[in-house]
Amino acid sequence: TGRALSGRAQVAREVTEDMAAQRGLARGYGVRILDFTRNDGQRYDAFLDRIRLRTEKRVLIAARRERGSELGRGLIAAGYAVHSGSDLRALTESVDAGPAADAALVDAALLASDPDADALKRALHRRQVPCLTIGNEQPERARAVVDHLLHIT
């Protein structure tokens with residue numbers, strides 16, 4: 001995050017209430033960026049590069065439903081592909097069977113209370129998936145940690 005970008009844009013289209021309802025979109029406007037001021041064009045390009053890099057990464061979240069949803073929304077909004085669940089046995093099977101995740105977040109409370117936690121940790125280790133144990137961190141902090149872990153700057 002940083003200061004806001006500044007530049008000029010032109011309205012390219014309006015998504016009306018009817019169009020939004022028919023197409024499953026949000027009501028609003030689409031714009032075409034014409035130019036930026038100062039070095040804001042470079043900052044915008046760097047932002048798009050971060051999003052592109054995130055879309056190439058898969059993150060596994062092992063957490064209770066509410067916590068997994070909260071963390072997942074933040075990571076998805078940043079561009080990551082997310083698989084979340086609270087059944088550690090099922091997550092372990094998916095780690096063993098499917099393509100490896102690029103990173104994993106495991107909720108500390110779930111780790112402490114679920115007897116299948118060690119099996120999940122071993123499966124992630126076998127697949128060489130970097131794994132972070134998280135506590136009460138806010139979704140923004142979890143996203144920043146995943147970005148750092150996956151070298152997305």
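**View 1. Asp 116 and its partner Arg 89.** Asp 116 has a relative accessibility of 19%, which puts it just inside the buried class, since the cut-off for buried is under 20%. Keep in mind that this is a predicted model. The side chain of Asp 116 meets that of Arg 89 in a salt bridge, with 3.3 Å from N to O. This pair links distant parts of the chain: Arg 89 belongs to helix 4 (residues 88–97), while Asp 116 sits in the loop between helix 5 (108–113) and helix 6 (117–126), 27 residues apart. Arg 89, for its part, is exposed, because its relative accessible area is 51% and exposed means over 50%.

**View 2. Arg 54 and Asp 147, a buried pair.** Here the side chains of Arg 54 and Asp 147 form a salt bridge at 2.6 Å, N to O. Again, the pair links distant parts of the chain: helix 2 (residues 40–55) supplies Arg 54, helix 7 (residues 139–149) supplies Asp 147, and the two are 93 residues apart. Which class does each end fall into, buried or exposed? Arg 54 counts as buried at 6% relative accessibility, and Asp 147 is buried too, with a relative accessible area of 5%.

**View 3. A salt bridge from strand to strand.** Arg 8 and Asp 35 bring their side chains together in a salt bridge of 3.3 Å, N to O. Arg 8 is in strand 1 and Asp 35 in strand 2, so the pair ties together parts that lie 27 residues apart in sequence. Asp 35 counts as partly exposed, because its relative accessibility is 31%.

**View 4. A salt-bridge network.** Zoom in on Arg 3, Arg 38, Asp 40 and Arg 43, and you'll find them linked in a network of salt bridges. For the wider context, a search of the whole structure turns up 13 salt bridges.

**View 5. A nonpolar patch on the surface.** Val 11, Tyr 29, Val 31 and Ile 33 make a nonpolar surface patch of about 400 Å². Which strand gives the most to the nonpolar patch? That would be strand 2 (residues 28–36), with three residues. Val 11 comes from strand 1 (residues 7–15), and it counts as exposed because its relative accessibility is 53%.

**View 6. Gly 85 and its surroundings.** Gly 85 lies in strand 4, which runs over residues 81–85. At 16% relative accessibility, Gly 85 counts as buried. What is Gly 85 in contact with, leaving aside its neighbours within four places in sequence? Its contacts beyond that window are Ile 61, Ala 62, Ala 63 and Leu 91. To get a sense of scale, take Leu 71: Gly 85 is 14 residues from it in sequence and 11 Å from it in space, C-alpha to C-alpha.

**View 7. Two residues with positive phi.** Most residues other than glycine have a negative phi, so a couple of backbone angles here deserve a look. Gln 128 has phi near 60°, a positive value in a residue other than glycine. Gln 128 is found in the loop between helix 6 and strand 6 (131–134), and it counts as exposed at 70% relative accessibility. His 151 also has a positive phi, near 60°. His 151 is placed in the segment after helix 7, and with a relative accessibility of 67% it counts as exposed.

Key:
Residues are numbered from 1 along each chain as its sequence is written. This is a predicted model: local features need pLDDT of at least 70, side-chain atom pairs count only at pLDDT 80 or more; totals for chains, interfaces and linings use all residues. Side-chain values use heavy atoms; hydrogens and water are left out. Helices (H or I, at least four residues) and strands (E, at least two) are DSSP runs, numbered from the N terminus. Buried means under 20% relative accessible area, exposed over 50%, partly exposed in between (1.4 Å probe, protein chains only). Contact means heavy atoms within 4.5 Å. Patches are made of residues with over 30% relative accessible area and no salt bridge: like charges are joined within 9 Å, nonpolar side chains (Val, Leu, Ile, Met, Phe, Trp, Tyr) within 5 Å. Accessible areas come from the Shrake-Rupley method with a 1.4 Å probe; for residues, only the protein chains shown count as cover. A salt bridge is a side-chain nitrogen of Lys or Arg within 4 Å of a carboxyl oxygen of Asp or Glu.
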